[in-house]
Every structure is written in C-alpha cells, then in structure tokens.
Amino acid sequence: MDTIAASRAHSLKGEVSQLLPVLPEDLPFVYSISTCEENGFRWRYRGSFPDIAAFAQEYNAGTLVQFIVQDRSSGRQAGIVNIYGENLRDGWAYLGAVAAPEFQHTGVVVDGAATLLSYAFNVWALRKVYLDTIEYNMAEFEVGLRRISVEESRLKDHIFFGGRYWDMVTSAVYRERWYDLVSRVSAPRRPANAVCQAIPFDDFKAELLEVVGDEDAMQDSRLVSDLGMDSLQMAEAIAIVCSLAEVDGVDADPEVVTLGEFYDWYCRLL
C-alpha cells in the first residue's frame, strides 16, 4: 500500500460520504431502513418486523463496527454499513451495506462501504472481507463487484423470495487487491486555491474505460448515451474523477450518466 493510500485508509470520510457512529437518536432511521419495503427482504430481518424494543437491544448484535452513512452534500442519512461475523484469529470478516431507497444507485452508500473496507483493513489484521449477495441483488453491482472481488462460493437455490429460489453468492475482497485498487484511484489532493490543469478529453476517457469495461459504449466522442454503470462502478468513477481533479471529496452528488457529463463535472471541479 503506497503512502497516499495509507494516509487516507484510517479516514471515515469518503469522496461523497462520511461514516458516523450509530447513536440512540438514529434508531428510528436504522429501524426504518432495515424493515422498509425496498430493503426488508434484502437485509437482516428478511421481511419480518421485529418489536421496536427488542430491535433497540439487538440492532448492533454480531457486528464488529457499524456506521451510519451520511451524504456529505446534504447531510442526510443515506444508509448503514457494518463489519460483522469477524474471525480475527484467521483474518476474515463480512461487510454489510444497505441504502435508503432514495439513495440507491447513487453511489453514496457504496462509497461509504469502500471507506469502511479501507478502515477495516487498516485497523484489523484482515486478509480478506466477504460479501454475501443474494442472486436477485446482483444486477445492482455485478460488474463492479467483479472488479474488486473474487467469487469464492455459491449456494444453489439457497434463498426463497418472490415465489422462487435464488443462489447465495459469497465474494471476497482481498487486502492486497483492495490496496492496489485504492492506490490506483488515489492521488495527492491539491491545496486550496491551487490550479489544476484539465487533462484532454481522450485521456479522461481512457481513465474511465477500465471502470466502464465496455469499449463499444465509449466510441462516441462525447457519449450522449447512458454509460449504464452499476452502483459500485459509479462509486469508483467518482473516486477517479476526484483523484484527477485533486480534490478531497465533492460538495454535491454528481447527477451524471454520460461520459460527456462526467468530463464536464470534472472540469467544474478544477
């Protein structure tokens, strides 16, 4: 892990998010996001509705650390991320993340999960962190997941939902692979009021090509079509743009979907 990545690994502040401890006054949000229609079947209670008093006693059970993900631009609570099921002797644990419905597909909670991954690898001697994904959730971040992790197991027809059975996929993010990715998207942040020269559009396009992973989708010089990135890819693209602009995060969530919009946003950050 290089000096740049190491200097940021302990931080609880991401590019578009920051992690905050779960306080007693946050319990209504934690309960709501854990049981709402959009998340209830994905998260811990799998569609059931625990008694609120019991929930207050057990919401943190089984976690090594748990945080609220806050959207840096609005200050709103965007989701929850945690490290759980840890085996510190053998060097592995699990990462969980869930987004409030209005923040799904924005990259904010994924950015928070990435921040927590770096924090966990820096604080504990973990060799790898597992991600359990039910097959019906894969479409939300399948392409990005392949870039950062390795599928280690697949339990066939393991979960029943929506009238059918689905696979449970366990992927692993390895420490060195994660450090390598963090190093490649990190760069020195420029001092306030310093000027950074924009790189040419074609060079910018090449930087994002690896993330998008679809060269055919990037043939148009300005790309008026949606890049179709999943939430993991979006979080990585945001990190790369902030790195190229040499800024420490952004003040507003970028509402961008095309390559041209990404480049225009990058130029505005300079």
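**Salt bridges and sheet architecture**

Seven salt bridges are counted in this structure, which is a predicted model. The criterion behind that count is a side-chain nitrogen of Lys or Arg within 4 Å of a carboxyl oxygen of Asp or Glu.

One of these pairs is formed by the side chains of Arg76 and Glu102, with an N to O distance of 3.2 Å. The two partners come from distant parts of the chain, 26 residues apart: Arg76 belongs to the loop between β2 (63–71) and β3 (77–87), and Glu102 to the loop between β4 (92–99) and α4 (108–123). Arg76 has a relative accessibility of 43% and therefore counts as partly exposed. Glu102, with a relative accessible area of 47%, is likewise partly exposed.

A network of salt bridges links Glu151, Arg154, Lys156 and Asp167. Within it, the side chains of Arg154 and Glu151 meet at 3.2 Å, N to O. Arg154 is partly exposed at 34% relative accessibility, and Glu151 is partly exposed at 43%. The side chains of Asp167 and Lys156 also form a salt bridge, here at 3.1 Å, N to O. This pair connects distant parts of the chain, with Asp167 in strand β7 (residues 164–174) and Lys156 in strand β6 (residues 150–161), 11 residues apart. Asp167 is buried, at 4% relative accessibility, because buried means under 20%. Lys156, by contrast, has a relative accessible area of 60% and is exposed, since the threshold for that class is over 50%.

The strands that carry Asp167 and Lys156 belong to a wider sheet. Seven strands make up this open sheet, in the order β1-β2-β3-β4-β5-β7-β6, and their pairing is mixed. The edges are occupied by β1 (17–21) and β6; each has a single partner strand, so one side of each lacks a neighbour in the sheet. From one strand to the next, the twist averages 30°. Further inside that order, β4 and strand β5 (residues 128–134) run parallel and are joined by three bridges. Ala93 has Val129 of β5 as its bridge partner.

Helices lie across the strands as well. Helix α2 (residues 27–35) lies across β2, β3 and β4, at about 80° to β3. The helix α4, which follows the loop holding Glu102, lies across β1, β2, β3, β4, β5 and β7 and runs at about 35° to β3.

Notes
Residues numbered from 1 in each chain as written. Predicted model: local features only at pLDDT ≥ 70, side-chain atom pairs only at ≥ 80, totals over all residues. Heavy atoms only, no water. Helix = DSSP H or I, 4+ residues; strand = E, 2+ residues; numbered from the N terminus. Buried < 20%, exposed > 50% of the residue type's maximum accessible area, 1.4 Å probe, protein only. Pairing = 2+ DSSP bridges. Axes fitted to C-alpha atoms, helices over the stretch in contact; angles between N-to-C directions. Contact = heavy atoms within 4.5 Å.
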